[in-house]
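Visitor: I am new to this structure and would like to understand the reasons behind the words used for it. Could you show it to me before I begin asking?

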Amino acid sequence: MSAPLWFGGDYNPEQWPEAVQVEDVELMRVAGVTLATVGVFSWSLLEPAEGEFRFEWLDRVLDRLHGAGIKVALATPTASPPPWFGLAHPDAMPVTADGTRLTHGSRDTYDVCAPAYREASVRVAGALAERYAHHPALAMWHVHNEYGSWTHSEHAARAFRDWLRRRHDDLDTLNRAWTTSFWSQTYTAWEQVQPPRATQYRPNPAHVLDFRRFLSDEMLDHFLDQADVLRRARPEVPVTTNFAFGDWVPVDPWRWAEHLDLISVDDYPDRTGTDGAEQTAFAADLARSWATRVPGPGRPWLLMEQAAGVTYTGEVTRPKPPGEIARHSMTHVARGSQGAMFFQWRASRGGAEQWHSGMVPHAGADSRIFREVCDLGGVLGRIAEAREADVVADAAVTWDPECWWALGSPSLPARTDYLEAVRQVHRVLWRTGRTVDFVRPDRPLPSVPLLVVPALYLLSDEAAQRLADFTAGGGTLVVTYLSGVADPDSTVRVGGYPGALRDLLGVRVEEFFPLFPGETAALDLGSVREEVTQWSERVHLEGADAVARYAGGQLDGEPAVTRHRFGAGEAWYVSARLTDRGLGSLIAEAAGTGPFPEPELDVVRRVGEGGVWVFVTNHGAGSRRIDPVRLGLDSGAHDLVTGRAADGLMVPGGGFAVLRGHAAGN
């Protein structure tokens, strides 16, 4: 029998009286909940005074969940130290870049570099391990919550200098890497090196980039301090932490993934409909890639948090349309998540997130949201057999958080939104029905026919060689503007752009032509003129052929999109920011596929020992008939959601199916 998919959410019983906690467990049984995350923000209750622990309330919670057959992801509460901690250890409060020391009053108020905080974190983790490592409800350890809090304190300064010594060996190497001869910044003693605090004008981009790398490693050390304690107590219980997503997060999931037993992510798309569906698929493909493309054996992964009934747009909080709770959850499960979790189980009455959604909303169990939650729990119970099947990808896209960080520098000719550049590529591939693996460019690349490289600003010689080997071996490579421009120290490669990729692409870019906001240019694609916004370049051919040229303006008639035969493959270069339609059409031409369509069905194929599973989600308004043969399935395939035969199955608008069968011809 297949292990169940994880289904549930963050559970905060300490916010509610005992009678509500009893009701919670009964409602969880009704909904089909299999996992509850407990204790994320409970440090002040667990340790009301330094070294004094109170576990009785948590004993009752875990025993009650176990009695209902519900497993627990038990969290260490270190993301929110209690009020007494800040008073006892004021130097362990974070310091902002302008020198302001923050005080207790919100979550995430800690200095990850402070010895007192590190010691207190290990102490509370050790107390939890000693008491609950062998509790029958325990399914996994959840360390901390959404790592990402910055600090520029003296503790951080000392730790940063130690990190720099390990990375650069000596000051001469550091000075070369940071180009400190510019603006009289040459360091002659380690004590002179500080975090990139508030300063008069633009900071050194290499300094800022290394500090973000340092924070990622320092936070990883904090995670490992706790993980080591938990693993010693009971080695077979997996340890995870939930990755948050945003340009404010100085965490590199590629580096972290190999230290986690389970990769878990939080996903909060800020759009609904088709746009929200694409954002969800993007997050799921990223998470799966972090989990499966680590050195050595791959890892499982889990959607640890999402909003149950609303979308946070940044301007307003809107209810999700009917069925979207399930569609977003199924998008993650289709792409390999071992379940669908939410923040949180019951919406809070008070506190800073009292208007955050819950599986049980303020309206209670008699609500559309809770009914949809129950429906989803039933579906997940019926499709658990697909849990271990592998996702089949047919394209890859490079993803490098360090490029994201580097492209945020104000020293660039224009601000470039790296996240949107990558999302656009994923979006057009998603709309053409492709399933995407994300790859770290300096690690082995997958065996897929198409690899797209968007705005890969930082590029090592090793990574450039991997891209060349991929292409020479018969792959199709598509590279967009601002790739290969700088080395990993953010030092520009001279001689013409795209630097490390010039020979592979057969071009030399002489100048950048960023466009003003609202300004447009045009591209001549034969019978079609395509609009260009934000970015364009003066490109010279050095072996490549021009596929499209600029039309009008200063670059009129000059190459804009090129193709270069390289070994057994082709390397394409796109020097401008195109619309989705334009970029999609060019990628389709490069890959030798049909014209760029509009999104209708999201189809993900998974293969395992027991057969083939095809997840189909209909994002359109009208019903769509399923042809299992076109999906590569035999005539005996059936839908696990409805129990019906797949042949002739109608998937309603906004609905989904999970087809189970064998590969056609087997």
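Visitor: What makes R123 and E50 a salt bridge?

Guide: This is a predicted model, and in it the closest N and O atoms of R123 and E50 are 3.9 Å apart. The cut-off is a side-chain nitrogen of Lys or Arg within 4 Å of a carboxyl oxygen of Asp or Glu, so the pair qualifies. R123 sits in helix 5 (residues 115-132), while E50 belongs to the loop between helix 2 (43-46) and helix 3 (56-67), and the two are 73 residues apart.

Visitor: Why is R123 called partly exposed?

Guide: R123 has a relative accessibility of 26%, and because partly exposed covers the range between under 20% for buried and over 50% for exposed, R123 falls into that class. E50, at 43%, is likewise counted as partly exposed.

Visitor: What is the distance between R427 and D580, and why is the pair said to tie parts of the chain together?

Guide: The closest N and O atoms of R427 and D580 are 2.7 Å apart, and the two form a salt bridge. R427 lies in helix 14 (residues 418-431) and D580 in helix 17 (residues 580-591), so the bridge ties together parts that are 153 residues apart in sequence.

Visitor: How do you know whether R427 and D580 are buried or exposed?

Guide: Buried means under 20% relative accessible area; R427 has 11% and therefore counts as buried, and D580, with 17%, also counts as buried.

Visitor: What are E570 and R565 called, buried or exposed?

Guide: The side chains of E570 and R565 meet in a salt bridge, at 3.4 Å from N to O. E570 is buried because its relative accessible area of 17% is under 20%, whereas R565 is exposed because its 53% is over 50%. Elsewhere, salt bridges that share partners join D285, R288, R335, D437 and D602 into one network, and the structure holds 43 salt bridges.

Visitor: Why is W183 called partly exposed, and where does it lie?

Guide: W183 has 48% relative accessibility, which is not over 50%, and so it counts as partly exposed. W183 lies in the loop between helix 7 (171-178) and helix 8 (205-233), and with F182 and Y201 it forms a nonpolar patch on the surface, with about 400 Å² of accessible area together.

Visitor: Which element gives the most to the largest nonpolar core?

Guide: The largest nonpolar core has 188 residues, and among those that touch the most other members are L65, W141 and I383. Helix 8 gives the most to this core, with 12 residues.

Technical notes: Residues are numbered from 1 along each chain as its sequence is written. This is a predicted model: local features need pLDDT of at least 70, side-chain atom pairs count only at pLDDT 80 or more; totals for chains, interfaces and linings use all residues. Side-chain values use heavy atoms; hydrogens and water are left out. Patches are made of residues with over 30% relative accessible area and no salt bridge: like charges are joined within 9 Å, nonpolar side chains (Val, Leu, Ile, Met, Phe, Trp, Tyr) within 5 Å. Accessible areas come from the Shrake-Rupley method with a 1.4 Å probe; for residues, only the protein chains shown count as cover. Helices (H or I, at least four residues) and strands (E, at least two) are DSSP runs, numbered from the N terminus. Buried means under 20% relative accessible area, exposed over 50%, partly exposed in between (1.4 Å probe, protein chains only). A nonpolar core is a set of buried Ala, Val, Leu, Ile, Met, Phe, Trp, Tyr and Cys residues joined through side-chain atoms within 4.5 Å.
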